[in-house]
Amino acid sequence: MDAPHQQGEAAAGWVTVEEWSGSSASALSRTAVLTASDSSLTSRRFGSRWGRIGGRMLGAFVPEGFPGSVTPDYVPFQTWDTLQGLSTYIRAMLSTQALLGAIGVGEQSATIIGATFQWFLRDLTGMLGGILFTFYQGSNLDSNAKMWRLVADFMNDLGMLMDLLSPLFPSSLIVIMCLGSLSRSFTGVASGATRAALTQHFALANNAADISAKEGSQETLATMTGMGLGMLLAHITRGHALSVWASFLSLTVFHMYANYKAVESLSLTTLNCERASILLQYFKECSEVLAPKQVSRQEHILPFWSNWRKLIRIKLPHERVHLGAKASMLTHTDMLEIAKTRSHYENNNYLLLDKEGSVHIFIHKQATPADVLKSFIHGLVLTNLAQNGKSQHTEARRWMDNNYTTFISKERNSFPFFSLLQLQVKGYSTERLLSHSIVWRAHWLHGQLDEKLK
């Protein structure tokens, strides 16, 4: 055998292989080293066996690549969300026990057909309520996910309260049961839709499916724990109405608090009407763009805040801008006003109408998501400039010409996902995020508008 061949055999007489674990190249940890020679094999493992077992068990509840594969607000949100879910399942045992007692379970006078019919009406009401709620609010859930998340859990609390009240009013049992089911149907629709929007927000590594699956595992664990604790609490408080109500109300207060903390911890990086208004206002004052966490602190997430403002007739700037207005609402005076001001919107796929303190935005049928975003910002600028009922179309156009490009540029620099580029990367559209789904669009020619349904 020649010398080069002998050297090749000598070089091939040993080998070392390292084992690394992780879902991405940036999140790897060495777990073992194996070295083989002509006469022996040695191995060295890193970490304890219990540590490896714990890591595998944890993998059933957290996404692959955690924490690098999710946003920083994932952990605080999931922590509070799990705690509120736990309180929900504990209370569910108390309310279900009361509801079953109300329909006659355990009583000789109760009939199977009577209980079945009552349960049927309860479920039917819930199904119809879910359809109606989707019809009226379905397109608004993803753009206002934080608020509707709170609404969903409040409605769930209301439904459980109805179940707990049902034994106290036997003559109105069916009505109370149906109202409780109706309330929970709103919860199912709103919670499911907002959860989908939040999952997309958390997914930094295009791992929305993995996050959704692991969230299901977390919820299952919370359900089993809550049901066990709920059965224990139901057994302890059985026959003691005061204890039942004290436990239920205490858990409900904690549930509402945990929900608020969960939603408050979110720093969403997608545009909706209020976030766009907050960004623009700060930019006009300081020529800078706020970070998502700073914007989140200024958002109004309590659902009752909006209703209270309506009662006292106070509107925030973004509430005075109506995106995707219907052309059929125009009067003769409105048409003449548009004809007078349309020169300010040449080469733009939108028109603005300043009317009675509000700005109505008509979106062209060929408008792109970038056009929609620009039209909304333009509408906010026009709203802020309006004084003493006088129109400020010229000033608004001048501000847009001088500052809009800078505003969008700084937005992209400060928000890698909070920009038009993010909308393309994640597959969202500005229309879905800024406001309700824009159903109404228009086409105009020489001041005439003919309505067109998208």
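**Cysteines, helix H9, two open sheets and the nonpolar core**

The structure holds zero disulfides, a result that refers, like those that follow, to a predicted model. Two cysteines were considered individually: Cys-273 is buried, with a relative accessible area of 15%, whereas Cys-286 is partly exposed, its relative accessible area being 37%. Because buried is taken as under 20% relative accessible area and exposed as over 50%, Cys-273 falls into the buried class at 15%, while the 37% of Cys-286 places that residue in between.

Helix H9 comprises the 14 residues 273-286, for which a span of 20 Å is expected at 1.5 Å a residue, and the separation of 20 Å between its end C-alpha atoms agrees with that expectation. The buried residues of H9 are Cys-273, Glu-274, Arg-275, Ala-276, Ser-277, Ile-278, Leu-279, Leu-280 and Phe-283. At the start of the helix, a side-chain oxygen of Asn-272 comes to within 3.3 Å of the backbone nitrogen of Glu-274, and just after H9 the residue Ser-287 adopts a positive phi of about 60°.

Strands S1, S2 and S3 form, in the order S1-S2-S3, an open sheet with antiparallel pairing. Its edges are strand S1 (15-21) and strand S3 (41-45), each of which pairs on one side only, and neighbouring strands of this sheet are turned against each other by 15° on average, direction ignored. Strand S2 (residues 29-36) is joined to S3 in the antiparallel sense over five bridges; in S3, Ser-43 is the bridge partner of Leu-34.

A further open sheet of three strands has the order S4-S6-S5, here with mixed pairing. S4 and S5 stand at the edges with a single partner strand each, so that one side of each is left without a neighbour in the sheet; the twist from one strand to the next averages 20°. The pairing of S5 with S6 is antiparallel and extends over six bridges, and Ser-358 in S6 is the bridge partner of Lys-355.

In soluble globular proteins, nonpolar side chains tend to be buried together. In the present model, the largest nonpolar core has 41 residues, and those with the most contacts inside it are Ile-361, Phe-362 and Ile-377. The elements that give two or more residues to this core are H9, strand S4 (321-323), strand S5 (350-355), strand S6 (358-363), helix H13 (369-385), helix H14 (393-414) and strand S7 (440-445). H13 gives the most, with seven residues.

Conventions: Residues are numbered from 1 along each chain as its sequence is written. This is a predicted model: local features need pLDDT of at least 70, side-chain atom pairs count only at pLDDT 80 or more; totals for chains, interfaces and linings use all residues. Side-chain values use heavy atoms; hydrogens and water are left out. A disulfide is a pair of cysteine sulfur atoms within 2.5 Å. Buried means under 20% relative accessible area, exposed over 50%, partly exposed in between (1.4 Å probe, protein chains only). Helices (H or I, at least four residues) and strands (E, at least two) are DSSP runs, numbered from the N terminus. The expected span of a helix is 1.5 Å times one less than its number of residues. A polar contact is a pair of N or O atoms within 3.5 Å; within protein, one must be able to donate a hydrogen and the other to accept it, and residues adjacent in sequence count only if both atoms are side-chain atoms. Two strands pair if DSSP finds at least two bridges between them. Axes are lines fitted to C-alpha atoms, for helices over the stretch in contact, and angles run from 0 to 180 degrees between N-to-C directions. A nonpolar core is a set of buried Ala, Val, Leu, Ile, Met, Phe, Trp, Tyr and Cys residues joined through side-chain atoms within 4.5 Å.
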